[in-house]
Amino acid sequence: HVIPGRVGIRTACQMTRVRDRRSFAWRGVSRAAALLAGHASLVSRIQACSDLGWQSLYAVLTKAHRHTDFRNVILSDVADLIDASPGMPWYKEHYQDCVEGFLSLVLYFSIHNKAKQAALIDLASSTARELNPLALRSGLSSWPLFGLLDKLHLIWQAGERAAPLSTEPWRRAPCQEPGPAVVTPLPAAFAAGSTDVSPFSLVRGLRPGALVIDAGVFDGTDWSLFSVFAGITVIGFEPLATNRRLMDERFPPALEKLRPGATRGPDGRPCRRHTLLPVLPGEATPHTPWADIFPASRSNAAPDPDLRACDGDDGGSSPLGHTFIIGAALGERVRGLNMTTRYDYSSVADQGYLKGPKDMKREEVAMTTLDEVFGSYLAPSGRAPAHSIDVLKIDVEGYEMGALRGAEQLLAEGRVHYLILEFHPGMLGSTGTDPLGMLAFLRHYCFLCHSFKIDRPYGLQEFVARYTSSAEALPVQGLGAIEDIVCQNLAWRPPHSPIAPRGQRSWAESSE
C-alpha cells in the first residue's frame, strides 16, 4: 500500500503558493514521502509529473487500477486527494504539468459518474490532444487509462475532430508481385563519391531536366536548392504564406552561395530561379496556366513581371534548374482547410504533444492532390516537365499518408521512381496513420525501402518496432525517433507516353 487507508493527506499535507504559480512548497509530507521511498523508478517514469501532488495521485490511481473491481468501487484514497488537499482545483489548474495524470484522473471519474460520463469522456478526449495518440495506443503511458482509450477521439485538425488516414491500397499495383517485406540498409551506390550519406545523394545521379517533387518546401534551402543546383526541374508544394516569404528571402542567397552568379542573367541583372504559384483555398490548381510558365523562360511576364526568370544556362559548366512552388498542401483530396502554424514548422494534423507556443496561429490554406495537379494542370498544357517523377520527396509532418493517397493514380501507373519519406511514427500517429500499414502500402506499389540507420535487413514489423516499442523512441510528449527513408520502385520503367489529362485513360490502362 503506497498510501494506506485514510492517511489524511487533507490534513497532513498543506500547500502554500510561492512566487512561481507552478511551484509549491509542501509541509508535513514526511509520512507520504516515506511511503513513496523505494519508488525511484516511479519518479523517473513521470519526471514531468514531479510535484508530490501528482506523485500521490499516481500512487492512488495505480492502486485503484489494480483493484479487482475498480469499475464499481471508488477508493477512499482518490476521494481524499480530490476532496481535500491538494484538491481538484489544483489538478485542473496545473494539468499541463502532468497531462497524463490529469487524463488518468478524468477517465477514472468517468467510470464512477454515470450522469456526467459523456461530458467526462469529451474532456478526456480534449486532454489527450496534448499527448501522442500512437504512444497511448502502444501502451507507453506510465499512467493507468482504465481500458477506456478506445472511447477517446485522438485525431484532430485545427481543433476539429478528424478521421484517421487509411493505409489500405485502393488501386491495382503496376507489378505482378509486391516489393519485399523488408527494409534494407541504404545501398552504398546512393552515396558513391560522397562522404555525406543522405537522401540528397540521389540528386547527384539525376540527369539535368529530371523532375523532383518537393512536398513540404519550407524555405527551399534543401531539396529545392540542391535540385536546382543540379539542373533539375522542381515542382514544390508549400501551403503557408509565411514559409513562401521565407523562400523569397533565403533561397536566392543560398543558391548564390553554391554557385555565384546563379541568380543573375548574362547582362548582370537579377533574375529568379523560383516561381511562386498561389492557389486559393478550395481550388485544386493555380490560376496561372502551366503553359505560360514552363519552361521557366516563358514565365518572364507571369506571375512576377518585375523580376524575370533566369535562363536555364547561366554560362557555367552545367545548366541550372528551376523550382515552381505551388501554394497548397498535398493531401488526399482537394479542399480548403485551416492549418496551425508552430514556430518553424507546421502540419495539417494537430500535434499538441509537441508543446508549441501559446500564440500559435491558424492560416486558411489550399489542399490539393498530386494526381489532380498532374492530371488537370500539367498534362492538358502539353508542357508536362516529364512523363514520370524521378524523386518524390514528402516531408509533411505526419501527413505523409494523405499525400501518398492523393498520388495513388501516379503510383498505380508506376510513374514514381524514388520516394523520400520522413518516417516518424509519432507524427504519423497524429493523423491516425498506422506506420506498418504505410510501409505495406508502399510495398503494394512495388517499393523497397532503405534506411540510413540499420546495418542489416529488417522485416517491416521489426523495423517499425524500433520506433514504437519504447518511451524513448515514442514518448507520450516530445519528438521521439525520426529518420528519412529512401524507397525505390522495383517495377519502374521510363514510361513512353505522356501523362493523360484528367478524365482520359492513362497510359497504363491503354496498354492493357
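# Briefing: fold, helices, a cavity and selected residues

The secondary structure of this protein comes to 19 helices and 18 strands, and the coordinates examined here are those of a predicted model. Of its 512 residues, 54% count as buried, and the accessible surface comes to about 22300 Å², with 51% of that area belonging to carbon and sulfur atoms. Among the contacts in the protein with a separation of 6 or more, 75% are accounted for by residues 24 or more positions apart.

**Helices α4 and α7**

- Helix α4, which covers residues 52-66 and therefore 15 positions, reaches 21 Å from its first C-alpha to its last, a value close to the 21 Å expected at 1.5 Å a residue.
- Most of α4 is covered, with 12 of its 15 residues buried; the buried set includes Leu52, Trp54, Leu57, Tyr58, Val60 and Leu61, and Gln55, Ser56 and Thr62 also belong to it.
- Helix α7, made of the 14 residues 99-112, should span 20 Å at 1.5 Å a residue, and its end C-alpha atoms are 20 Å apart, which agrees with that expectation.
- Because 12 of the 14 residues of α7 are buried, this helix is largely enclosed by the rest of the structure.
- The buried residues of α7 include Val99, Phe102, Leu103, Leu105, Val106, Leu107, Tyr108 and Ile111, and Glu100 is also one of them.
- The packing partners of the buried residues of α7 are α4, α5 (76-83), α6 (88-93) and α8 (117-128), which links the two helices described in this group.

**The second largest cavity**

- A search of the whole structure finds 3 cavities of 30 Å³ or more, and about 40 Å³ of space lies in the second largest of them.
- The elements that give two or more residues to the lining of this second largest cavity are helix α17 (435-444) and strand β16 (447-451).
- The lining itself is formed by Pro180, Val182, Leu439, Arg443, Phe447, Cys449 and Leu460, and these residues divide into 6 nonpolar, no polar and 1 charged.

**Val182 and Pro187**

- Val182, one of the residues that line the second largest cavity, is found in strand β5.
- With a relative accessible area of 27%, Val182 is partly exposed, because this value lies between the 20% limit for buried residues and the 50% limit for exposed ones.
- Leaving aside residues up to four places away in sequence, Val182 touches Leu448, Cys449, Tyr458, Gly459 and Leu460, and both Cys449 and Leu460 are also listed in the lining of the second largest cavity.
- Val182 and Tyr458 are 276 residues apart in sequence, whereas their C-alpha atoms are 5.4 Å apart in space.
- Pro187 is found in the loop between β5 (182-185) and α10 (201-204), and at 30% relative accessibility Pro187 counts as partly exposed.
- The C-alpha atoms of Pro187 and Ser451 are separated by 9.0 Å, although the two residues are 264 residues apart along the chain.

**Val348**

- The place of Val348 is in the loop between β12 (345-347) and β13 (361-368).
- Val348 counts as buried because its relative accessibility is 6%, and the limit for that class is under 20%.
- Not counting residues up to four places away in sequence, Val348 touches Gln157, Ala329, Arg335, Leu337, Met339, Met367 and Tyr399.
- Val348 and Pro239 are 109 residues apart in sequence, and the distance between them in space is 9.9 Å, C-alpha to C-alpha.

**Positive phi values outside glycine**

- Phe146 has a phi near 60 degrees, a positive value in a residue other than glycine; Phe146 sits in the loop between α9 (133-137) and β3 (156-157), and at 1% relative accessibility Phe146 counts as buried.
- Ala158 has a phi near 50 degrees, again a positive value in a residue other than glycine; Ala158 is found in the loop between β3 and β4 (160-161), where at 6% relative accessibility Ala158 counts as buried.

How values were computed: Residues numbered from 1 in each chain as written. Predicted model: local features only at pLDDT ≥ 70, side-chain atom pairs only at ≥ 80, totals over all residues. Heavy atoms only, no water. 1 Å grid on protein atoms, 1.4 Å probe; cavity = no way out; pocket = protein on both sides within 12 Å on 5 of 7 lines; lining within 4 Å. Points joined across faces, edges and corners; volume = space filled by probe spheres on them. Helix = DSSP H or I, 4+ residues; strand = E, 2+ residues; numbered from the N terminus. Nonpolar A, V, L, I, M, F, W, Y, C, P; charged D, E, K, R; others polar. Buried < 20%, exposed > 50% of the residue type's maximum accessible area, 1.4 Å probe, protein only. Contact = heavy atoms within 4.5 Å. Areas by Shrake-Rupley, 256 points an atom, 1.4 Å probe, with all protein chains shown as cover.
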